[in-house]
Amino acid sequence: MGFTAWVRNSDISPGYAGLSWVAVAETSDSIDGKAVPTVRLRPGIVQPQHFQTDGFRGDWRRWAASYGSRVGFSSIPVVVVSATNQNVRVHVAAGVGVVVRASRVGFNLASRNSDIGPGACNFTFLAVETASGGDPTLFVDSGQVPGRYFAVENYPGDWQVWVVSFAEPFATPPAVLVTADNSNGTLNSYARAAVGVVFDVTTDGFTLAARNSDLCAGPAGFSWIAIGRVD
Amino acid sequence: MASFVNQVTFGSGTVPGGGFSASGFYGDWQTFHIPFQPFMPSAAQGKIRVIASASGDGVPDSYHLAPTSSYR
């Protein structure tokens, strides 16, 4: 059991990139008779930065992020990131993040604007280590939104929006991360490389906005996870 | 209802960098086949959510990219 990641370069230059992933199943089922491994988690958010238009000087931005001293990862965690509009008060750019030099204490984040217009973007991150001793107060909600049709980038309809409600309210707005998917194989075409941006997270839900970074029109759905406290 | 974190199954990993062509050229898409085993229980089939984002580890700074991803 696994998945196939389809990854598209939205950059105007060739190069290299790997992929980090986190899979979540809201079940405590055992594996081969053994309890599922527990995890140590660190959700967080950086400060927004302003990006120039795709292809212009300033379309890349960088951050140095720390997990904080209380987490105490015993090995290098897997870190995934997702764009968000938190603390952004101008046009939100569809930034694409790259985690670089992940370590036990933090990581560097580089991001490139995939959008044809300038704007600001922020990022939520989630660091995950398979280990005991994680924060016992965290709760997880997760789900999918159905596929929608995206126009070719730069044409009307290259942005699509979903409104998502959590199964029950969190005590404070949780960390929310999203990734495009193929709606469990129900799309009538392969999923496009849509860039998801998490908008306006509240205790009750969020708005998922996504922009097609692809040169072809087509559908894409999204998966999401939310991690926070419920009391 | 949200699930208590210790009652949720997590899998995670990083796959090493692959080469991409510039956007719009042959080779601008790459695929990564990633097994969950042994992390995800079979009972969770169809209910697993995957969050993925790019990693630049192992890639020289001047060559890393910002690819977007989807999965199936």
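This passage describes how chains A and B meet in a predicted model, and how their strands join across the contact.

A good place to start is the contact itself. Chain A brings 80 residues to it, while chain B brings 65 residues. On the side of chain A that touches chain B, strand 2 (residues 15-25) gives the most, with 11 residues. Sorted by class, this side of chain A has 46 nonpolar residues, 25 polar residues and 9 charged residues.

The two chains also share strand pairing. Strand 1 of chain A (residues 2-9) runs antiparallel to strand 3 of chain B (residues 29-35), and 7 bridges link the pair. Within strand 3 of chain B, Trp29(B) is the residue that stands opposite Arg8(A).

A second meeting of the chains is found in an open sheet of 6 strands with mixed pairing. Reading across this sheet, the order is 5(A)-8(A)-7(A)-4(B)-2(A)-2(B). Its edges are strand 5 of chain A (60-66) and strand 2 of chain B (9-20), each of which pairs on one side only. From one strand to the next, the twist averages 35°.

Following the sheet inward from the chain B edge leads to strand 2 of chain A, which sits beside strand 4 of chain B in the strand order. Strand 2 of chain A and strand 4 of chain B (residues 48-55) are antiparallel, with 8 bridges between them. Here Val24(A) stands opposite Arg49(B) of strand 4.

On its other side in the order, strand 4 of chain B is next to strand 7 of chain A. The pairing of these two strands is parallel and covers 2 bridges. One bridge partnership joins Val99(A) to Ser55(B), a residue of strand 4 of chain B.

Strand 7 of chain A (residues 95-100) deserves a closer look. Because 6 of its 6 residues are buried, this strand is largely enclosed by the rest of the structure. Gly95(A), Gly97(A) and Val99(A) point one way from the strand, whereas Val96(A), Val98(A) and Val100(A) point the other way; residues on both sides are buried.

Strand 7 of chain A also pairs with a strand of its own chain. With strand 8 of chain A (residues 106-113), strand 7 makes an antiparallel pair over 6 bridges. In this pair, Val98(A) has Ala110(A) of strand 8 as its bridge partner. The two strands form a hairpin with 5 residues between them, and in the turn Arg101(A) has a positive phi of about 55°.

Note on methods
Residues are numbered from 1 along each chain as its sequence is written. Chains are lettered from A and ligands numbered from 1 in the order in which they are written. This is a predicted model: local features need pLDDT of at least 70, side-chain atom pairs count only at pLDDT 80 or more; totals for chains, interfaces and linings use all residues. Two residues are in contact if their C-beta atoms, placed from the backbone, lie within 7 Å. Helices (H or I, at least four residues) and strands (E, at least two) are DSSP runs, numbered from the N terminus. Ala, Val, Leu, Ile, Met, Phe, Trp, Tyr, Cys and Pro count as nonpolar, Asp, Glu, Lys and Arg as charged, and the others, Gly among them, as polar. Two strands pair if DSSP finds at least two bridges between them. Axes are lines fitted to C-alpha atoms, for helices over the stretch in contact, and angles run from 0 to 180 degrees between N-to-C directions. A residue is buried if 20 or more other C-beta atoms lie within 10 Å of its own, exposed if 12 or fewer, and partly exposed in between; C-beta atoms are placed from the backbone.
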